[in-house]
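Subject: Handing over a structure

Hello,

I am passing a structure on to you, and I hope you enjoy looking through it. Please open it alongside this email.

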Amino acid sequence: MTHRGSCLCGAVNFETYGPLRPVVACHCVQCRKTSGHYVAATSVARDALVIKGPVRWYASSGDARRGFCPDCGSSLFWDGPGGRISIHAGTFDGETGLTLAGHIFTDAKGDYYGLEDGLPSAGQDDPELTTQG
């Protein structure tokens, strides 16, 4: 199973091979600051992602970094510990067949929106949601 995606300007393209994790919405302050809202992301095994183009990486914490296009600024990836890398779900081209599985870091969510979708949510991290694959 192959999925393709890119940044807004097309300078960065990527392909994934194999299964993607269901989408998880992260409401932490870092995700809100990097995207302007919350981040909805899937993930794939590290060795199942091929990136083409000039990704700029920003060390957002002691154990994670965020990848974005240096030309248009599109937020694309979150790379932390473990064998998977997260990909912002909105950067895929076309249909993905993915669904939203739940929300994490809801204790830090913005005060201007609610969470009425009935999906599982966690005030902090939830390894059961984020390690699905």
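Below is what turned up, going from the whole chain down to one pair of strands.

Please keep in mind that this is a predicted model.

Let me begin with the overall build. The chain contains 2 helices and 10 strands. Following the sequence from its start, you will meet them in the pattern β-β-β-α-β-β-β-β-β-β-β-α.

Next, the dimensions. The C-alpha trace spans about 35 × 30 × 30 Å along its principal axes. A compact globule of 133 residues would have a radius of gyration near 14 Å, and the chain agrees with this because its own value is 14 Å. As for the surface, the chain exposes about 7,000 Å², of which carbon and sulfur atoms supply 51%. Of the 133 residues, 39% count as buried.

The contacts are worth a look too. Taking those between residues at least 6 apart in sequence, 56% join residues that are at least 24 apart.

Now to the sheet. Seven strands, in the order S6-S7-S8-S9-S4-S3-S10, make up an open sheet with mixed pairing. At its edges are strand S6 (56-59) and strand S10 (100-104), each of which pairs on one side only. From one strand to the next, the twist averages 30 degrees.

To see one pairing in detail, go to strand S8 (residues 75-79) and strand S9 (residues 84-88), which pair in the antiparallel sense over 2 bridges. Which residue in S9 is the bridge partner of Phe-77? That partner is Ile-87.

Best wishes

Technical notes. Residues numbered from 1 in each chain as written. Predicted model: local features only at pLDDT ≥ 70, side-chain atom pairs only at ≥ 80, totals over all residues. Heavy atoms only, no water. Pairing = 2+ DSSP bridges. Helix = DSSP H or I, 4+ residues; strand = E, 2+ residues; numbered from the N terminus. Axes fitted to C-alpha atoms, helices over the stretch in contact; angles between N-to-C directions. Rg over C-alpha atoms; globule rule 2.2 N^0.38 Å. Buried < 20%, exposed > 50% of the residue type's maximum accessible area, 1.4 Å probe, protein only. Contact = heavy atoms within 4.5 Å. Areas by Shrake-Rupley, 256 points an atom, 1.4 Å probe, with all protein chains shown as cover.
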